[in-house]
Amino acid sequence: MPLQTVSTQRLYRQIADQLAELIRSGEFQPGDRLPSERDLAQQLGVSRASVREALIALEIDGLIDIRVGSGVYVTAPRAVVANSVLVAEPGPFEVLAARGLVEAEAAALAALNATPADHARIRETLALMRAEFDASASALDGDALFHVRIAEASSNGALAHLVKTLWDFRQSAMFRKLDQHFDVPARHAAAIDEHLAVIEAIERRDADAARAAMLRHLDNVKSALERNLELPPAAGAADGAAVYS
């Protein structure tokens, strides 16, 4: 039996390529509204998260326009080659799932192993985030430092390296585009409160509570990025800001 070609593309890119071909073939015309994420997920037999990643990739490729509160619309079709960076890059929801596995256990280990100096270093990141918010700047520096310092406090260098690597993906074009569409200022204060809950559990040396608090925080980030496209954005939505994670 002859060998079959093996696809190395990520699922979201396969979905994006199918939709792109329908656009280029005229199945969807410029100005047409695409089916809802729910309908696309059902027709393709995939998760809504994978569909959302595909739509974000198509928007970066220039084939669609995502309008939160309205839907997804086709722009003028053009001969677009898939963004080469996105072909190999894991999707944001893949990254969040991996972070849940890694960072929840890092928080639990930090609760067991962190020193008072580690506690102080982790708490410093909240002040940095607040200062960044007050300056109306992105607080991703403080956000990243929070998660990295917890991993460092776990006393496992491999975990710290993994968290830093996963956070590198946080700067990807797809994550930035998701932030642009789905961030709201209410997430800023919520993120600090969620970080504080993790820190307090670590300081109490309660590994189970630290693990649960980190998972709850990352679940809230995922929920923010999965908000229904057809729903209007919350009051005061901040274009181009970040869903703090």
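**Reading charged residues in this model**

Q: What does the relative accessibility of E124 tell me?
A: E124 counts as partly exposed, at 46% relative accessibility. The scale runs like this: buried is under 20% relative accessible area, exposed is over 50%, and partly exposed lies in between (1.4 Å probe, protein chains only). This is a predicted model, where local features need pLDDT of at least 70, side-chain atom pairs count only at pLDDT 80 or more, and totals for chains, interfaces and linings use all residues. Residues are numbered from 1 along each chain as its sequence is written, and side-chain values use heavy atoms, with hydrogens and water left out.

Q: Good to know! What is the mean pLDDT of the protein chain?
A: First the idea: pLDDT is the predictor's confidence in each residue, from 0 to 100. Here the protein chain averages 85, and 83% of its residues reach 70 or more. Among its elements, helix α5 (residues 92-113) has the highest mean, 96, and helix α4 (residues 84-88) the lowest, 54. Over residues 235-241 the pLDDT is below 50, yet this stretch has 13 contacts in the model beyond near neighbours in sequence (contact: heavy atoms within 4.5 Å).

Q: Which residue forms a salt bridge with R149?
A: A salt bridge is a side-chain nitrogen of Lys or Arg within 4 Å of a carboxyl oxygen of Asp or Glu. For R149 the partner is E124, with the closest N and O atoms 2.9 Å apart. R149 lies in helix α7 (residues 140-153) and E124 in helix α6, so the pair ties together parts that are 25 residues apart in sequence. Helices here are DSSP runs (H or I, at least four residues), as are strands (E, at least two), numbered from the N terminus. Unlike the partly exposed E124, R149 counts as buried, at 14% relative accessibility.

Q: How many salt bridges are there by this rule?
A: The count comes to 15. One of them joins R123 and E203, whose closest N and O atoms are 2.7 Å apart. That pair links distant parts of the chain, 80 residues apart: R123 sits in helix α6 (residues 116-134) and E203 in helix α10 (residues 186-203). R123 is partly exposed, with a relative accessible area of 34%, and E203 is partly exposed too, at 28%. There is also a network of salt bridges linking R13, D17 and D61.

Q: And where is K177, and what does it touch?
A: K177 is in helix α9 (residues 173-182). K177 is buried yet has no salt bridge; the nearest side chain of opposite charge, E59, is 4.4 Å away. Leaving out residues up to four places away in sequence, K177 touches I56, E59 and I60.

Conventions: Lys, Arg positive; Asp, Glu negative; His and termini not counted.
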